[in-house]
Amino acid sequence: MSEPMNEQQQKNGHLVIIGGHEDRKHDMAILSRFVELCGGTDARIVVITAASTVADEMWQVYDNAFGALGVTRHSHLEVTSRQDANSAEFVRQVAEADGIFMTGGDQKRLLALIGGTALDAEMHIALKTRGATIGGTSAGASAMSGHMLAQGRVELHPEKGSVSLGAGLGFLHRVVIDQHFSERQRLSRLLSVVAQNPYLQGIGIDEDTALVIERGVGIEVLGQGAVTMVDGRTMITNVADIKDRDTPELIDVRLHLLPAGSKYQLPTSDIATEKRLPLPLIDILEIVTKRTPLQ
(Lines give C-alpha, C1' and ligand atoms only; values in the text may rest on other atoms or scores of the structure.)
Protein backbone atom coordinates (compact mmCIF):
# COMPACT_ATOMS: atom_id res chain seq x y z
CA MET A 1 0.00 0.00 0.00
CA SER A 2 1.30 3.48 -0.87
CA GLU A 3 2.18 5.81 1.96
CA PRO A 4 0.14 9.00 2.30
CA MET A 5 1.75 12.29 1.30
CA ASN A 6 3.17 14.49 3.99
CA GLU A 7 1.60 17.84 4.76
CA GLN A 8 4.10 19.79 2.66
CA GLN A 9 3.33 17.70 -0.42
CA GLN A 10 -0.39 18.17 0.14
CA LYS A 11 0.06 21.91 0.37
CA ASN A 12 2.11 22.25 -2.82
CA GLY A 13 0.01 20.24 -5.25
CA HIS A 14 1.33 18.13 -8.12
CA LEU A 15 0.88 17.76 -11.86
CA VAL A 16 1.49 14.33 -13.41
CA ILE A 17 1.86 14.95 -17.16
CA ILE A 18 1.99 11.70 -19.15
CA GLY A 19 3.07 11.28 -22.77
CA GLY A 20 0.39 8.66 -23.47
CA HIS A 21 0.24 4.85 -23.55
CA GLU A 22 1.29 4.53 -19.92
CA ASP A 23 1.36 0.99 -18.55
CA ARG A 24 -2.13 0.20 -17.22
CA LYS A 25 -1.84 -3.57 -16.70
CA HIS A 26 1.54 -4.62 -15.32
CA ASP A 27 3.69 -2.69 -12.81
CA MET A 28 1.79 0.56 -13.61
CA ALA A 29 4.66 2.65 -12.22
CA ILE A 30 3.27 6.00 -13.37
CA LEU A 31 -0.31 5.40 -12.26
CA SER A 32 1.00 4.01 -8.98
CA ARG A 33 2.95 7.23 -8.40
CA PHE A 34 -0.16 9.25 -9.24
CA VAL A 35 -2.12 7.33 -6.61
CA GLU A 36 0.68 7.87 -4.08
CA LEU A 37 0.68 11.62 -4.70
CA CYS A 38 -3.11 11.68 -4.32
CA GLY A 39 -2.67 10.28 -0.81
CA GLY A 40 -2.60 6.52 -1.30
CA THR A 41 -5.26 3.90 -1.84
CA ASP A 42 -7.77 5.70 0.40
CA ALA A 43 -7.70 8.78 -1.82
CA ARG A 44 -10.73 9.98 -3.75
CA ILE A 45 -9.93 10.03 -7.48
CA VAL A 46 -12.17 11.25 -10.31
CA VAL A 47 -11.51 10.32 -13.93
CA ILE A 48 -12.54 12.86 -16.57
CA THR A 49 -13.07 11.27 -20.00
CA ALA A 50 -14.25 14.43 -21.80
CA ALA A 51 -11.44 14.25 -24.39
CA SER A 52 -12.65 10.86 -25.64
CA THR A 53 -15.55 9.97 -27.94
CA VAL A 54 -15.62 6.49 -26.38
CA ALA A 55 -15.91 7.62 -22.78
CA ASP A 56 -17.34 4.37 -21.40
CA GLU A 57 -14.53 2.30 -22.89
CA MET A 58 -11.93 4.76 -21.62
CA TRP A 59 -13.44 4.71 -18.14
CA GLN A 60 -13.37 0.91 -18.10
CA VAL A 61 -9.60 0.97 -18.74
CA TYR A 62 -8.92 3.27 -15.79
CA ASP A 63 -11.56 1.69 -13.56
CA ASN A 64 -9.65 -1.57 -13.95
CA ALA A 65 -6.24 0.06 -13.50
CA PHE A 66 -7.07 2.05 -10.36
CA GLY A 67 -8.97 -0.91 -8.96
CA ALA A 68 -5.92 -3.14 -9.47
CA LEU A 69 -3.84 -0.56 -7.60
CA GLY A 70 -6.17 -0.87 -4.62
CA VAL A 71 -8.04 2.41 -5.00
CA THR A 72 -11.61 1.91 -3.83
CA ARG A 73 -12.94 5.46 -4.14
CA HIS A 74 -12.49 6.25 -7.83
CA SER A 75 -15.34 7.44 -10.00
CA HIS A 76 -16.17 8.45 -13.57
CA LEU A 77 -16.91 12.09 -14.34
CA GLU A 78 -18.58 11.70 -17.73
CA VAL A 79 -18.74 15.23 -19.10
CA THR A 80 -20.71 15.28 -22.35
CA SER A 81 -21.70 18.95 -22.43
CA ARG A 82 -20.79 22.30 -20.96
CA GLN A 83 -23.97 22.04 -18.90
CA ASP A 84 -22.45 18.97 -17.25
CA ALA A 85 -19.24 20.88 -16.58
CA ASN A 86 -21.21 23.66 -14.89
CA SER A 87 -23.39 21.36 -12.80
CA ALA A 88 -23.22 21.58 -9.02
CA GLU A 89 -22.89 17.79 -8.72
CA PHE A 90 -19.82 17.54 -10.94
CA VAL A 91 -18.20 20.52 -9.24
CA ARG A 92 -18.88 18.91 -5.85
CA GLN A 93 -17.15 15.70 -6.91
CA VAL A 94 -14.03 17.61 -7.96
CA ALA A 95 -14.15 19.69 -4.77
CA GLU A 96 -14.01 16.48 -2.73
CA ALA A 97 -11.34 14.76 -4.84
CA ASP A 98 -7.72 14.22 -3.85
CA GLY A 99 -6.82 13.47 -7.45
CA ILE A 100 -8.24 14.37 -10.86
CA PHE A 101 -7.16 12.36 -13.91
CA MET A 102 -7.84 13.41 -17.53
CA THR A 103 -7.71 10.68 -20.16
CA GLY A 104 -6.57 10.80 -23.74
CA GLY A 105 -8.61 11.62 -26.82
CA ASP A 106 -8.70 15.05 -28.45
CA GLN A 107 -7.51 18.06 -26.47
CA LYS A 108 -9.70 20.41 -28.52
CA ARG A 109 -12.75 18.39 -27.49
CA LEU A 110 -11.62 18.49 -23.86
CA LEU A 111 -11.28 22.29 -23.87
CA ALA A 112 -14.56 22.75 -25.76
CA LEU A 113 -16.38 20.86 -23.02
CA ILE A 114 -14.71 22.08 -19.82
CA GLY A 115 -12.64 25.18 -20.63
CA GLY A 116 -13.86 28.20 -18.67
CA THR A 117 -16.56 26.25 -16.80
CA ALA A 118 -17.20 25.91 -13.08
CA LEU A 119 -15.51 22.48 -13.28
CA ASP A 120 -12.39 24.09 -14.74
CA ALA A 121 -12.36 26.69 -11.95
CA GLU A 122 -12.79 24.02 -9.27
CA MET A 123 -9.84 22.07 -10.67
CA HIS A 124 -7.66 25.16 -10.19
CA ILE A 125 -8.89 25.48 -6.62
CA ALA A 126 -8.15 21.81 -6.03
CA LEU A 127 -4.56 22.16 -7.24
CA LYS A 128 -3.65 25.58 -5.94
CA THR A 129 -5.61 25.83 -2.69
CA ARG A 130 -6.06 22.25 -1.52
CA GLY A 131 -2.85 20.82 -3.01
CA ALA A 132 -4.60 18.06 -4.95
CA THR A 133 -2.88 16.09 -7.72
CA ILE A 134 -3.94 16.53 -11.35
CA GLY A 135 -2.89 13.95 -13.91
CA GLY A 136 -3.38 13.86 -17.63
CA THR A 137 -2.29 11.52 -20.41
CA SER A 138 -1.92 12.24 -24.12
CA ALA A 139 -4.64 14.85 -24.86
CA GLY A 140 -5.06 15.31 -21.11
CA ALA A 141 -1.37 16.18 -20.94
CA SER A 142 -1.43 18.69 -23.82
CA ALA A 143 -4.37 20.50 -22.24
CA MET A 144 -2.59 21.26 -18.96
CA SER A 145 -0.68 24.35 -20.04
CA GLY A 146 -2.01 27.80 -20.83
CA HIS A 147 -0.96 27.43 -24.48
CA MET A 148 -2.04 24.16 -26.07
CA LEU A 149 -1.06 22.50 -29.33
CA ALA A 150 -4.36 22.53 -31.23
CA GLN A 151 -3.10 20.96 -34.43
CA GLY A 152 0.11 20.49 -36.32
CA ARG A 153 1.68 18.31 -38.97
CA VAL A 154 4.85 16.33 -38.39
CA GLU A 155 7.41 17.31 -41.02
CA LEU A 156 11.03 16.33 -41.56
CA HIS A 157 12.11 19.89 -40.72
CA PRO A 158 10.46 22.73 -38.78
CA GLU A 159 8.09 24.76 -40.96
CA LYS A 160 6.61 28.18 -40.41
CA GLY A 161 2.83 27.93 -40.04
CA SER A 162 2.74 24.15 -39.71
CA VAL A 163 1.33 24.25 -36.16
CA SER A 164 -1.37 26.21 -34.38
CA LEU A 165 -1.96 26.87 -30.71
CA GLY A 166 -5.13 27.21 -28.68
CA ALA A 167 -5.99 28.09 -25.10
CA GLY A 168 -5.34 25.31 -22.59
CA LEU A 169 -6.45 24.85 -18.99
CA GLY A 170 -3.55 26.91 -17.61
CA PHE A 171 -2.28 24.80 -14.72
CA LEU A 172 1.17 25.96 -15.79
CA HIS A 173 2.24 28.80 -18.06
CA ARG A 174 4.92 29.77 -20.58
CA VAL A 175 5.19 26.20 -21.86
CA VAL A 176 3.62 24.10 -24.59
CA ILE A 177 3.40 20.31 -24.20
CA ASP A 178 3.60 17.66 -26.92
CA GLN A 179 3.07 13.95 -26.25
CA HIS A 180 3.88 10.58 -27.90
CA PHE A 181 7.03 12.56 -28.56
CA SER A 182 9.85 10.24 -29.64
CA GLU A 183 7.52 7.54 -30.91
CA ARG A 184 5.88 9.92 -33.41
CA GLN A 185 9.07 11.90 -34.17
CA ARG A 186 7.67 15.23 -33.08
CA LEU A 187 10.87 17.20 -32.45
CA SER A 188 10.48 19.19 -35.67
CA ARG A 189 6.90 20.05 -34.65
CA LEU A 190 8.04 21.32 -31.26
CA LEU A 191 10.82 23.33 -32.90
CA SER A 192 8.20 24.90 -35.18
CA VAL A 193 6.23 26.01 -32.11
CA VAL A 194 9.26 27.47 -30.35
CA ALA A 195 10.51 29.19 -33.54
CA GLN A 196 7.29 31.19 -33.75
CA ASN A 197 6.75 31.50 -29.99
CA PRO A 198 10.17 31.85 -28.29
CA TYR A 199 8.41 33.01 -25.13
CA LEU A 200 7.28 29.41 -24.63
CA GLN A 201 9.33 26.47 -23.43
CA GLY A 202 8.66 23.37 -25.53
CA ILE A 203 8.20 20.14 -23.57
CA GLY A 204 7.97 16.80 -25.36
CA ILE A 205 7.06 13.70 -23.34
CA ASP A 206 7.57 10.14 -24.57
CA GLU A 207 5.01 7.38 -24.21
CA ASP A 208 4.88 5.55 -20.87
CA THR A 209 6.76 8.52 -19.42
CA ALA A 210 5.60 11.25 -17.06
CA LEU A 211 6.85 14.65 -16.03
CA VAL A 212 5.86 15.15 -12.39
CA ILE A 213 5.82 18.75 -11.22
CA GLU A 214 5.64 19.67 -7.56
CA ARG A 215 4.57 23.30 -7.46
CA GLY A 216 7.26 25.58 -6.08
CA VAL A 217 9.67 22.69 -5.51
CA GLY A 218 10.89 20.72 -8.51
CA ILE A 219 10.37 18.06 -11.16
CA GLU A 220 10.80 14.32 -11.61
CA VAL A 221 10.72 12.11 -14.71
CA LEU A 222 9.12 8.66 -14.41
CA GLY A 223 8.60 5.73 -16.74
CA GLN A 224 10.41 4.22 -19.71
CA GLY A 225 11.34 7.17 -21.91
CA ALA A 226 12.49 10.75 -21.59
CA VAL A 227 11.31 14.36 -21.47
CA THR A 228 12.74 16.73 -24.09
CA MET A 229 12.81 20.46 -23.36
CA VAL A 230 13.38 23.06 -26.08
CA ASP A 231 14.41 26.57 -25.00
CA GLY A 232 14.46 29.24 -27.72
CA ARG A 233 14.85 32.37 -25.61
CA THR A 234 18.37 33.10 -26.92
CA MET A 235 17.52 31.86 -30.40
CA ILE A 236 18.46 33.75 -33.57
CA THR A 237 15.97 33.11 -36.38
CA ASN A 238 14.63 34.53 -39.62
CA VAL A 239 11.15 33.11 -39.04
CA ALA A 240 9.52 36.56 -39.22
CA ASP A 241 10.90 37.13 -42.72
CA ILE A 242 10.14 33.85 -44.49
CA LYS A 243 6.95 32.57 -46.10
CA ASP A 244 4.58 29.97 -44.67
CA ARG A 245 5.79 26.38 -45.14
CA ASP A 246 9.41 27.55 -45.44
CA THR A 247 11.99 26.15 -43.02
CA PRO A 248 13.47 28.81 -40.74
CA GLU A 249 17.05 29.22 -39.61
CA LEU A 250 17.27 28.34 -35.92
CA ILE A 251 20.56 29.26 -34.27
CA ASP A 252 21.43 28.83 -30.59
CA VAL A 253 18.37 26.78 -29.59
CA ARG A 254 18.95 24.92 -26.33
CA LEU A 255 17.75 21.33 -25.99
CA HIS A 256 17.65 19.41 -22.71
CA LEU A 257 17.00 15.65 -22.51
CA LEU A 258 15.87 14.33 -19.14
CA PRO A 259 15.57 10.51 -19.09
CA ALA A 260 13.43 8.62 -16.60
CA GLY A 261 14.97 8.87 -13.16
CA SER A 262 15.94 12.52 -13.55
CA LYS A 263 14.95 14.61 -10.54
CA TYR A 264 15.67 18.28 -9.89
CA GLN A 265 14.66 20.75 -7.20
CA LEU A 266 14.92 24.52 -7.15
CA PRO A 267 17.96 25.84 -5.28
CA THR A 268 17.59 26.28 -1.54
CA SER A 269 19.98 27.24 1.22
CA ASP A 270 21.36 23.70 0.95
CA ILE A 271 24.66 24.13 -0.94
CA ALA A 272 24.70 20.48 -2.03
CA THR A 273 21.31 20.90 -3.72
CA GLU A 274 22.43 24.07 -5.48
CA LYS A 275 25.53 22.38 -6.87
CA ARG A 276 23.51 19.47 -8.24
CA LEU A 277 21.19 21.66 -10.33
CA PRO A 278 22.69 22.65 -13.71
CA LEU A 279 22.44 26.39 -14.19
CA PRO A 280 20.61 26.21 -17.57
CA LEU A 281 17.77 24.34 -15.86
CA ILE A 282 17.16 26.88 -13.09
CA ASP A 283 15.07 29.23 -15.25
CA ILE A 284 13.04 26.36 -16.69
CA LEU A 285 12.34 24.92 -13.26
CA GLU A 286 11.23 28.32 -12.02
CA ILE A 287 8.82 28.57 -14.96
CA VAL A 288 7.26 25.10 -14.72
CA THR A 289 7.04 24.96 -10.92
CA LYS A 290 5.74 28.51 -10.44
CA ARG A 291 2.75 28.76 -8.13
CA THR A 292 0.35 30.70 -10.31
CA PRO A 293 -2.53 32.42 -8.48
CA LEU A 294 -6.17 31.62 -8.91
CA GLN A 295 -7.64 33.56 -11.80
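Two strands pair if DSSP finds at least two bridges between them. On that basis, 4 strands of this predicted model form an open sheet. Their order is β8-β9-β12-β15, and the pairing is mixed. β8 (175–179) and β15 (254–259) stand at the edges. Each has a single partner strand, so one side of each is left without a neighbour in the sheet. From one strand to the next, the twist averages 20°.

Within this sheet, strand β12 covers residues 226–231. β12 and β15 are joined by 6 bridges and pair in the antiparallel sense. One residue pair illustrates the register. T228 has L257 of β15 as its bridge partner. A helix also packs on the sheet, namely α9 (residues 187–196). Helix α9 touches β8, β9 (201–205), β12 and β15. The direction of α9 makes about 30° with that of β12.

Strand β9 includes Q201. The relative accessibility of Q201 is 1%, and this residue therefore counts as buried, the cut-off being under 20%. Contacts of Q201 were listed without residues up to four places away in sequence. They comprise R174, V175, V176, V230, D231, R233, I284 and I287. G232 is 31 residues from Q201 along the chain. The C-alpha atoms of Q201 and G232 are nevertheless separated by 7.2 Å.

A second set of pairings centres on strand β1 (residues 14–18). Of the 5 residues of β1, 5 are buried, so this strand is largely enclosed by the rest of the structure. The residues of β1 point in two directions. H14, V16 and I18 point one way, while L15 and I17 point the other way. All are buried. β1 pairs with strand β5 (residues 133–137). These two strands run parallel and are joined by 5 bridges. In this pairing, I18 stands opposite T137 in β5. β1 also pairs with strand β10 (residues 209–214), here in the antiparallel sense. Again, 5 bridges link the two strands. L15 stands opposite I213 in β10.

The largest pocket has a volume of about 150 Å³. Its lining is made up of 15 residues. Q107, D178, Q179, R186 and R189 are the closest to the centre of this pocket. Two or more lining residues come from each of the elements β6 (147–152) and β8. β6 gives the most, with 4 residues. By residue class, the lining holds 8 polar, 4 charged and 3 nonpolar residues. β8 thus appears in two settings, as an edge strand of the open sheet and as a contributor to the pocket lining.

The loop between β6 and β7 (163–167) holds E159. With a relative accessibility of 16%, E159 counts as buried, since the cut-off is under 20%. Neighbours within four places in sequence were again left aside for the contacts of E159. The residues in contact with E159 are R153, S192, Q196, R245, D246, T247 and P248. Among them, S192 and Q196 fall within the span of helix α9 (residues 187–196).

How values were computed. Residues numbered from 1 in each chain as written. Predicted model: local features only at pLDDT ≥ 70, side-chain atom pairs only at ≥ 80, totals over all residues. Heavy atoms only, no water. Axes fitted to C-alpha atoms, helices over the stretch in contact; angles between N-to-C directions. Contact = heavy atoms within 4.5 Å. 1 Å grid on protein atoms, 1.4 Å probe; cavity = no way out; pocket = protein on both sides within 12 Å on 5 of 7 lines; lining within 4 Å. Points joined across faces, edges and corners; volume = space filled by probe spheres on them. Nonpolar A, V, L, I, M, F, W, Y, C, P; charged D, E, K, R; others polar. Buried < 20%, exposed > 50% of the residue type's maximum accessible area, 1.4 Å probe, protein only.
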